[in-house]
Amino acid sequence: MEIVLLVRSYNRPEYLEKTLESVLKSDINLCIKRYIYDDGSNNTDTINILNNETYVNCPSKEFEVIFNDKNVKCKKSFIDALTFLKEKHSSNCLICLIDNDVNVKYNFISQIITKYMEAYKFYNNNKILFTGFNSSNTHKNNKNYEENREFEDFYRKTSMGGVNFIFHNTFIDEIISAWSTRVDWGVVKYMNTKNYPMLCFKNSILNH
């Protein structure tokens with residue numbers, strides 16, 4: 001399964017720098033494409049990082065940086081980023097979105113691919129939303145977890161934040177539509193209404 005990575009960016013250079021350092025130590029070379037989507041940052045340090053060859057032109061881990069002309073805020077910038085990905089990647093692939101204030105594990109891309117394929121074989125459906133960020137067990141759905149004993153490494157959730165979304169590109173229109181209603185919680189509501197699986201890695205592949 002091919003995978004595309006997109007890092008969302010807006011100011012906060014102290015976080016962005018740590019995120020990119022973490023990401024570049026990981027297995028993002030497995031991605032067919034890597035993007036940083038910046039929502040019109042006006043912070044000089046942030047812009048310098050996004051133009052720094054050390055961060056965006058590492059061999060086999062190069063990023064394409066997209067700069068918005070102006071800041072359009074979280075909801076619209078997310079929709080714009082997803083629309084961009086939809087236009088660029090219509091063939092079979094996974095989309096992995098992360099915010100600019102996370103630290104990822106060294107093998108987080110390979111873990112995403114492995115766990116997604118495991119879930120797909122179980123549900124036989126591409127309409128699955130993953131997160132690799134396990135904030136707590138607060139939203140753990142014990143009933144589903146007990147029923148799905150096949151899942152050793154993740155469980156079904158009833159809530160999920162937008163810090164890390166992973167989904168199949170054929171699901172992108174529905175993610176865009178749901179996000180436009182109330183940002184990440186619009187997606188959560190949509191997933192619950194449709195009874196589509198929201199799955200969380202039992203052991204986080206990134207820290208927030």
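This report describes strand 1, helix 4 and a set of salt bridges in a predicted model.

**Strand 1 and its neighbours**

Strand 1 (3-9) is largely enclosed by the rest of the structure, because 7 of its 7 residues are buried. In a regular strand the side chains alternate between the two faces of the sheet. Here both faces are covered, with Ile 3, Leu 5, Val 7 and Ser 9 buried on one side and Val 4, Leu 6 and Arg 8 buried on the other. Strand 1 runs parallel to strand 2, to which 6 bridges join it, and it also pairs in the parallel sense with strand 4 over 5 bridges. Val 7 illustrates both pairings, since its bridge partner in strand 2 is Ile 36 and its bridge partner in strand 4 is Ile 98. The connection from strand 1 through helix 1 (residues 13-24) to strand 2 makes a right-handed β-α-β unit.

**Helix 4**

Helix 4 (residues 73-88) has 16 residues, which at 1.5 Å a residue should span 22 Å, and the end C-alpha atoms are indeed 22 Å apart, so the two values agree. Its buried residues are Ser 77, Phe 78, Ile 79, Ala 81, Leu 82, Phe 84 and Leu 85. An α-helix has 3.6 residues a turn, so residues three or four places apart point the same way. The buried residues of helix 4 pack against several elements, among them strand 1, strand 2 (33-38), strand 4 (94-98) and helix 7 (172-194).

**Salt bridges**

Side chains of opposite charge can pair when their charged atoms come close. The model has 7 salt bridges, including the three listed here.

| Acidic residue | Basic residue | N to O distance |
|---|---|---|
| Asp 99 | Arg 8 | 2.8 Å |
| Glu 64 | Lys 33 | 3.3 Å |
| Glu 174 | Lys 127 | 3.3 Å |

In the salt bridge between Asp 99 and Arg 8, the pair links distant parts of the chain, with Asp 99 in the loop between strand 4 and strand 5 (103-104) and Arg 8 in strand 1, 91 residues apart. Asp 99 counts as buried because its relative accessible area is 15%, under the 20% limit, and Arg 8 is likewise buried at 14%.

For the salt bridge between Glu 64 and Lys 33, the partners lie in strand 3 and strand 2 respectively, 31 residues apart. Glu 64 is partly exposed at 30% relative accessibility, and Lys 33 is partly exposed with a relative accessible area of 28%.

Where Glu 174 and Lys 127 meet in a salt bridge, Glu 174 lies in helix 7 and Lys 127 in the loop between helix 5 (108-123) and strand 6 (129-131), so the pair ties together parts that are 47 residues apart in sequence. Lys 127 counts as partly exposed at 27% relative accessibility.

Definitions and conventions: Residues numbered from 1 in each chain as written. Predicted model: local features only at pLDDT ≥ 70, side-chain atom pairs only at ≥ 80, totals over all residues. Heavy atoms only, no water. Helix = DSSP H or I, 4+ residues; strand = E, 2+ residues; numbered from the N terminus. Expected span 1.5 Å × (residues − 1). Buried < 20%, exposed > 50% of the residue type's maximum accessible area, 1.4 Å probe, protein only. Contact = heavy atoms within 4.5 Å. Salt bridge = Lys/Arg side-chain N within 4 Å of Asp/Glu carboxyl O. Pairing = 2+ DSSP bridges. Right-handed = clockwise from strand over helix to strand, strands pointing away.
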